[in-house]
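User: Could you take a close look at a single helix for me, and then at what lies around it and beyond? Keep it informal, please.

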Amino acid sequence: MSKKKNFLYIILVFLIIFSFIKSPYYNAQKFSEIFIKIGIEEDKLALYDLAVLNYKIALLIDKKSAWAYNALGTSYYYKAKRLYILNNVTFRLYSQAIINYSKAIELEPGYYFALVNRGNCYERLGKYKVALKDYEKALELNKNDPDALYGLSMVYGSDDFKQYDKAIEALNKLIELKPKHQNAYFGLGWCYDFKGDYVKSIRNYQKVVELNPQRIDAWINLSYVSELKLKDYKNGLYYADKALQLNPHSLYAISNKSYALIGLKRYDEAMNYVNMQLKIDANHSRAYSQRGQIELAKGDKINAKKDFEKALKLEKESDYSDKDIIINMIEDFIKQCQ
């Protein structure tokens, strides 16, 4: 909706309000709630700008509506979340969401939905310690809030905390409440992987795809844990193929398939998938590492070393969560090229 249409809409709304304001039946809170409910329906349709407009009108009618502030924050949150990546735009949207959630909490300190929502924003901004306080406060008010439990697990499982046992405890409580919560099982798979319990990691990722076979991220993680952690290349290949059926252009799935094929000593096939990776991303460190492994297996130590050294440089510059594991692996391969 254009600014001109927004302005005309607001004028029309206030003409209606003023026509009823002297009526004995007029109630600011109830009238405000009409616009909140309209905004909620617009949020469901991803019409976030329209929803924001209606929430702001609701607040003009009733400045003390914690519900309206929470709903307004949620529109900004949804809009930011839909953009996926964190940049200046999403940072501003999350910040706006936090401002409105904070106003809702100021008006109603026991508003645990707003606490959870604000925690979600802080968590997405990487402010895990602040997010933790909101989740803990929300759980004091409602110990069985599933969103707070999931948020708590995300904080404890983050690089800032790495308290995987606490994350697992929160996720298990969540599963007791919601036995089919896909993200809870995914979180368990992630935590058990970092704890080094790869069998349990696999088991939980399998539960995810059992609940939702379209979860490509779970298939990718299944292949990754199988081949790189358990050296189970046959199953790693199977899971990578499942991921590729969902998205033939997934860089991670292609990379995992290369690893599996190398493990199965199917080097020519693996090289095809290495080349596919480099077409997608010419600086994909894993592709150079894999090409080096193929060259090393074929006795070409000179070119293998060049590829490993390039892979090592790119890997050190990356932000992969498992970069230390891969760096150690590449350094071992370089030694084999001497």
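**A close look at α9**

Analyst: Let's start on the outside: on the other side of α9 from its buried residues, Asp165 and Glu176 are exposed. Keep in mind that this is a predicted model.

Now the inward part. The buried residues of α9 are Tyr164, Ala167, Ile168, Ala170, Leu171, Leu174 and Ile175. Looking down the helix axis, you'd find them within an arc of 165°, so they line one face of α9. As for partners, these buried residues pack against α8 (146-156) and α10 (182-195).

The length of α9 checks out too. With 14 residues (164-177) at 1.5 Å a residue, the helix should span 20 Å, and its end C-alpha atoms are indeed 20 Å apart.

Stepping back to the core: the largest nonpolar core has 97 residues. Those with the most contacts inside it are Cys121, Leu152, Val155, Leu188, Leu222, Phe308 and Ile330. Take Phe308 from that list: setting aside neighbours within four places in sequence, Phe308 is in contact with Ser289, Gly292, Gln293, Leu296, Ile330, Phe333, Ile334 and Cys337.

Two of those names, Gln293 and Phe333, come up again in a pocket. The second largest pocket has a volume of about 220 Å³. It is lined by 13 residues, and the closest to its centre are Tyr233, Ile262, Gly263, Gln293 and Phe333. By helix, α12 (216-229), α14 (251-263), α16 (285-297) and α18 (323-336) each supply at least two residues of that lining.

Notes:
Residues numbered from 1 in each chain as written. Predicted model: local features only at pLDDT ≥ 70, side-chain atom pairs only at ≥ 80, totals over all residues. Heavy atoms only, no water. Helix = DSSP H or I, 4+ residues; strand = E, 2+ residues; numbered from the N terminus. Expected span 1.5 Å × (residues − 1). Buried < 20%, exposed > 50% of the residue type's maximum accessible area, 1.4 Å probe, protein only. Arc of directions from axis to C-beta. Contact = heavy atoms within 4.5 Å. Core = buried A, V, L, I, M, F, W, Y, C linked by side-chain atoms within 4.5 Å. 1 Å grid on protein atoms, 1.4 Å probe; cavity = no way out; pocket = protein on both sides within 12 Å on 5 of 7 lines; lining within 4 Å. Points joined across faces, edges and corners; volume = space filled by probe spheres on them.
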